[in-house]
Amino acid sequence: MRKQALILVCIVVFGVVGSCHGGSLKKGYYDNTCPDAEAIIKNATEKRVANDPTLPARFLRMHFHDCFVRGCDGSVLLNSTTNNTAEKDAIPNLTLAGFDVIDDIKAEVEKECPNVVSCADVLALAARDAVSFKFQKALWNVLTGRRDGTVSQASEALANLPSLFSNFSTLVQKFANKGLNVQDLVVLSGGHTIGVGHCNTFSNRLYNFTGNGDQDPSLNATYATFLKTQCKSLSDNTTFVAMDPSSGLTFDNNYYVTLKQNKGLFQSDAALITNEISRIIVDELLVSEVFFREFALSMVKMGAIGVLTGNEGEIRKKCSVVN
């Protein structure tokens, strides 16, 4: 179904992801240096998710936005300084949330093992553990050993992050730039089954699609009518709606059902059914077991993008500032 030979050799035979994406991540990297690290992160994450069901979507998106800019190096967690506007203050990242929770989880790990576990790994593990919480089992493997980057620039976020307004060919290129293929694009877009979208990221489809005050003809008309009751104008940048209209807090494969109904919220969602190959993948992912299997594989690939390992980067003491 997908050409996974290289990544599977890396994981299954060697227990690491190395030559695939330029690092050497492995299962249980902290077993000797901080044996309880993953348990501490899991417990801390689950405690917070139990009180805030929006965190799975927030952490998953934050991890994605981290990996697409400079690789999975925790650069999205860094604060801006007097002389530098960091990634988190770039326009596509202004709606990211949960940074304070990641800081708190990192602090719990630091108490047990100072200067050992990277913020990049904390985020990768917290994203997995948050999404997995309702299932009471890990939905994908997280290989560890990432180091933290020391550079974070808003301009790089703008240049590297796929836009919600992108067409299919642009999305394919953005993913290919990170070593991900069309299968990964369609599968990882399924993360939109949880979380919300702000009106200003899709209201052009309701009110001004081609600049003539028109509606996007590819958007389900009934759904568009509903969206207009929530987003009353192009200028509304505070109202938000569930990205998956029928199960916005449930991680499942319903996203692909909505795509088939022309209810993809963003142009980047709708783009996935404008190409024959991606339409075939969408149809395959309508089978729940296929989606969960493929999502797990694509998350391992994404989590290995451009990682810093060995002596590269640093282990930040606090996720929001370099040491």
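This text walks through the disulfides, the aromatic pairs and a few surface features of the structure above. Keep in mind as you read that this is a predicted model.

Let's begin with the cysteines. How many disulfides does a search of the whole structure find? The search turns up four, and we will visit three of them, one after another.

Start at Cys34, which forms a disulfide with Cys113, the two sulfur atoms being 2.0 Å apart. Try to find both ends along the chain: Cys34 is in the loop between strand 2 (25-26) and helix 2 (37-51), while Cys113 is in the loop between helix 4 and helix 5. The link therefore connects distant parts of the chain, 79 residues apart. If you look along the S-S bond, the angle about it is 80 degrees, and the link of Cys34 and Cys113 is right-handed. Both Cys34 and Cys113 are buried.

The next disulfide joins Cys67 to Cys72, with an S to S distance of 2.1 Å. Here the torsion about the S-S bond is about 115 degrees, so this disulfide is right-handed. Are its two cysteines buried or exposed? Cys67 has a relative accessible area of 0%, so it is buried, and Cys72 counts as buried because its relative accessibility is 0%.

The third one to visit is formed by Cys119 and Cys319, whose sulfur atoms are 2.2 Å apart. With -100 degrees about the S-S bond, the link of Cys119 and Cys319 is left-handed. Cys119 sits in helix 5 and Cys319 in the segment after helix 14, so this pair ties together parts that are 200 residues apart in sequence. Cys119, at 0% relative accessibility, counts as buried, and Cys319 is buried too, with a relative accessible area of 1%.

Now turn to the rings. The structure holds 15 aromatic pairs. Take Phe135 and Phe292: why is this pair called edge-to-face? Their ring centres are 5.6 Å apart and their planes stand at 70 degrees, so the pair is edge-to-face; the cut-off for that name is an angle over 60 degrees. Phe135 lies in the loop between helix 5 (119-132) and helix 6 (154-160), and Phe292 lies in helix 14 (residues 288-302), so the pair ties together parts 157 residues apart in sequence. Phe135, at 32% relative accessibility, counts as partly exposed, and Phe292 is partly exposed as well, with a relative accessible area of 22%.

Another edge-to-face pair is made by Trp140 and Phe295, at 5.6 Å centre to centre and with 70 degrees between the planes. Trp140 is in the loop between helix 5 and helix 6 and Phe295 is in helix 14, so this pair also links distant parts of the chain, 155 residues apart. Both Trp140 and Phe295 are buried. If you step back, you can see these four rings as members of a cluster: ring pairs link Phe135, Trp140, Phe251, Tyr255, Tyr256, Phe291, Phe292 and Phe295.

A ring can also have a charged neighbour. Look for Lys88, which lies over the face of Phe99, at 4.2 Å from the ring centre.

Finally, visit the surface. Which residues form a nonpolar patch there? They are Ile91, Leu94 and Leu158, which together have about 340 Å² of accessible area. Ile91 lies in the loop between helix 3 (55-67) and helix 4 (99-112). At 67% relative accessibility, Ile91 counts as exposed.

Notes. Residues numbered from 1 in each chain as written. Predicted model: local features only at pLDDT ≥ 70, side-chain atom pairs only at ≥ 80, totals over all residues. Heavy atoms only, no water. Phe/Tyr/Trp six-rings, centres within 6.5 Å; stacked < 30°, edge-to-face > 60°. Helix = DSSP H or I, 4+ residues; strand = E, 2+ residues; numbered from the N terminus. Buried < 20%, exposed > 50% of the residue type's maximum accessible area, 1.4 Å probe, protein only. Lys NZ or Arg CZ within 6 Å of the ring centre and 35° of its normal. Patch = residues over 30% accessible without salt bridge, like charges linked within 9 Å, V, L, I, M, F, W, Y side chains within 5 Å. Areas by Shrake-Rupley, 256 points an atom, 1.4 Å probe, with all protein chains shown as cover. Salt bridge = Lys/Arg side-chain N within 4 Å of Asp/Glu carboxyl O. Disulfide = S-S within 2.5 Å.
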